[in-house]
Every structure is written in C-alpha cells, then in structure tokens.
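These are my notebook entries on one protein chain. I began with its surface charge and then turned to the pairing of side chains.

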Amino acid sequence: FHPDPRRLPTVSLEEAADRELADALDRQRRQQLPKDPDNDTRRTAQLQDDGDEDDEALYDLATKRDEAWDTWKEHHPPGSGNKGDHIY
C-alpha cells in the first residue's frame with residue numbers, strides 16, 4: 001500500500017488541534033465581549049424574537065435598518081435587475 005502523495009495531510013494532528021483550540025478560544029472570547037449596538041445587525045423582528053426589544057438604542061437602529069431596506073425594495077421592484085431583454 002502506497003498512499004497517494006496528493007492526499008497526504010499537510011499539518012500534523014497536534015498542529016490541527018492547536019489551531020482548533022485557538023479558534024475556539026478566540027470565538028469564546030468574542031462572545032463574552034459586551035455587544036456594541038452600532039455593530040448589531042439584527043432587525044426588529046429578530047430583536048423581538050430574542051427578547052431585546054426593550055433596548056431603545058438597539059430598537060432604533062433596527063427600525064432605521066428596516067426602513068432603509070423597505071425604501072430600497074420600493075426603488076428596486078422585482079424583475080428590475082440585470083435582465084438580458086432590457087434593450088433600450
């Protein structure tokens with residue numbers, strides 16, 4: 001039996017475990033950081049589902065985001081995109 005050299009692992013199991021552990025610790029650290037309301041991308045419905053609708057700053061940002069999305073949808077109706085049959 002000769003293994004295919006194109007399919008040999010490029011890192012050892014120990015190196016892969018170290019990378020996984022570092023990624024998991026980094027993910028855990030980021031989850032424990034206090035949330036910045038400016039970076040929160042949830043919509044009003046998602047805030048209500050999560051039970052965070054009482055936070056006025058988050059709710060205001062989510063409302064602005066929803067209004068911006070509604071405005072964009074009004075200006076871009078379905079079928080108005082890049083279609084090949086729009087020859088002017």
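Entry 1, surface charge. I first fixed the criterion: a charged patch is made of residues with over 30% relative accessible area and no salt bridge, like charges being joined within 9 Å. The model I searched is predicted. Under this criterion I found a patch of negative charge on the surface, formed by E53, D54, D55, E56 and D60. I looked up the place of E53 and found E53 in the loop between helix 2 (44-50) and helix 3 (56-75). With a relative accessibility of 33%, E53 is partly exposed, so E53 passes the limit of over 30% that patch membership requires.

Entry 2, overall make-up. I recorded three helices and zero strands, in the order α-α-α from the N terminus. Of the 88 residues, 8% count as buried. The exposed area is about 8,300 Å², and carbon and sulfur atoms supply 51% of it.

Entry 3, salt bridges. Which charged side chains pair? I searched the whole structure and obtained four salt bridges. One of them joins D4 and R6, with an N to O distance of 3.1 Å. D4 is partly exposed at 28%, whereas R6 is exposed at 73%.

I next examined D26 and R30, whose closest N and O atoms are 3.5 Å apart. Both lie in helix 1 (residues 13-32), and because they are four residues apart there, about one helical turn separates them. I noted relative accessible areas of 29% for D26 and 48% for R30; D26 is thus partly exposed, and R30 is likewise partly exposed.

I then took D66 and R43, whose side chains form a salt bridge of 3.4 Å, N to O. D66 belongs to helix 3 and R43 to the loop between helix 1 and helix 2, so this pair ties together parts 23 residues apart in sequence. D66 counts as buried at 17%, while R43 is partly exposed at 29%. I also recorded a network in which salt bridges with shared partners join D26, R29 and R30.

Entry 4, two threonines. T44, in helix 2, is buried at 16% relative accessible area. I found its side chain in a polar contact of 2.6 Å with the side chain of D66. T63 lies in helix 3 and is partly exposed at 26%. The side chain of T63 reaches the backbone oxygen of Y59 at 2.7 Å. I also computed the C-alpha separation of T63 and R43: 7.1 Å, for residues 20 apart along the chain.

Technical notes
Residues numbered from 1 in each chain as written. Predicted model: local features only at pLDDT ≥ 70, side-chain atom pairs only at ≥ 80, totals over all residues. Heavy atoms only, no water. Patch = residues over 30% accessible without salt bridge, like charges linked within 9 Å, V, L, I, M, F, W, Y side chains within 5 Å. Areas by Shrake-Rupley, 256 points an atom, 1.4 Å probe, with all protein chains shown as cover. Lys, Arg positive; Asp, Glu negative; His and termini not counted. Charge placed at Lys NZ, Arg CZ, Asp CG, Glu CD. Buried < 20%, exposed > 50% of the residue type's maximum accessible area, 1.4 Å probe, protein only. Polar contact = N/O pair within 3.5 Å; in protein donor to acceptor, adjacent residues only side chain to side chain.
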